[in-house]
Amino acid sequence: MKKIVVFTGAGVSADSGIATFRDSDGLWANYRIEDVCTPEALEFNRSTVIEFYNKRRRELLEKRVNPAHTAIASLERAYEVEVITQNIDDLHERAGSTRITHLHGELSKLRSMRDAERIYPIAGWGEAVKAVEQGEDVDRYASVWQEAVEAKDEHGDLLRPHVVFFGESVPNYDAACRIASTADIFIVCGTSLAVYPAAALVFSIRKDIPVYLVDLARPDLSRIDNPVHFIQKRAAEGLPEL
Ligand code: APR
């Protein structure tokens with residue numbers, strides 16, 4: 001069975017109404033990275049960082065998978081599929097993809113400030129997702145993670161978002177490179193390839209395999225020797241087409 005590796009960024013969730021980072025209306029047009037996405041911000045401005053991610057969790061609860069996520073999940077009917085995503089949302093999971101590597105962490109998880117290996121799914125997150133999908137009011141669930149992130153774990157450690165901040169290492173990067181190197185087909189969708197080491201993933205693939213790119217704009221692929229098939233469309237349209 002052929003193996004497809006799908007490498008996604010914020011553009012794959014844009015059609016679900018989740019802001020990207022570097023588009024004109026993107027997250028970094030409204031927040032300074034140094035205020036909300038660095039270890040220093042967390043240390044010296046904890047409440048601002050916690051509030052920023054609580055706001056993104058609340059927004060995420062109201063979002064739904066879009067045809068791009070569904071198309072990627074449906075590939076599993078005919079191929080061995082691995083998803084490597086830079087996104088911290090859980091929409092690939094909700095769409096039914098079963099093998100997902102998050103390079104930059106997950107909004108639905110917290111971790112110990114002292115030991116990065118101690119990772120905790122937010123209790124009640126899955127139930128909150130289902131309840132809101134069935135029309136229940138989001139605000140009923142906001143306390144689910146507000147209490148969680150202020151709690152301490154069983155070792156008495158303070159918790160933090162399980163998200164890779166700028167300047168922090170990307171623990172799953174080597175595993176992601178190994179996965180990419182086994183691809184027979186490589187699909188890149190919705191990433192500006194602006195952030196390293198994630199963007200360097202494209203150099204881990206075999207030189208003889210086809211690359212399919214679905215994006216509204218054409219990121220810089222000049223250093224890729226592989227043949228690139230470019231579909232310049234919204235992910236929600238281009239991926240089902242692909
Ligand atoms: N369909 C397809 N592509 C889209 C769509 C859409 N509807 N909307 C935007 N795009 C494309 C843009 O053209 C761009 O190539 O998605 C990409 C978004 O790029 P970024 O905003 O830079 O997002 P991403 O590449 O995922 O950022 C990487 O940067 O800030 C960090 O940790 C953060 O994981 C993030 C990383």
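**Exercise 1.** Determine which strands each supply at least two residues of the lining of the second largest pocket, and which strand gives the most.

*Solution.* Step 1: the strands are β3 (100–102) and β4 (105–112), where a strand is a DSSP run of E of at least two residues and a helix a run of H or I of at least four, numbered from the N terminus. Step 2: β4 gives the most, with four residues.

The model is predicted: local features need pLDDT of at least 70, side-chain atom pairs count only at pLDDT 80 or more, and totals for chains, interfaces and linings use all residues. Residues are numbered from 1 along each chain as its sequence is written, and side-chain values use heavy atoms, without hydrogens and water.

**Exercise 2.** Explain why the second largest pocket lies between two domains.

*Solution.* Step 1: a pocket is an open set of points on a 1 Å grid over the protein atoms alone where a 1.4 Å probe fits, with protein on both sides within 12 Å along at least five of seven lines; lining residues have an atom within 4 Å of a point. Step 2: domain 1 (1–18 + 65–104 + 168–242) and domain 2 (20–62 + 114–163) both give residues to the lining, so the second largest pocket lies between them; the bounds come from an automatic or database domain assignment.

**Exercise 3.** Describe the lining of the largest pocket.

*Solution.* Step 1: 46 residues line the largest pocket, and A10, T20, F21, R22 and S192 lie nearest its centre. Step 2: α1 (11–14) and α5 (46–61) are the elements that give two or more residues to this lining. Step 3: domain 1 and domain 2 each provide at least three of its residues.
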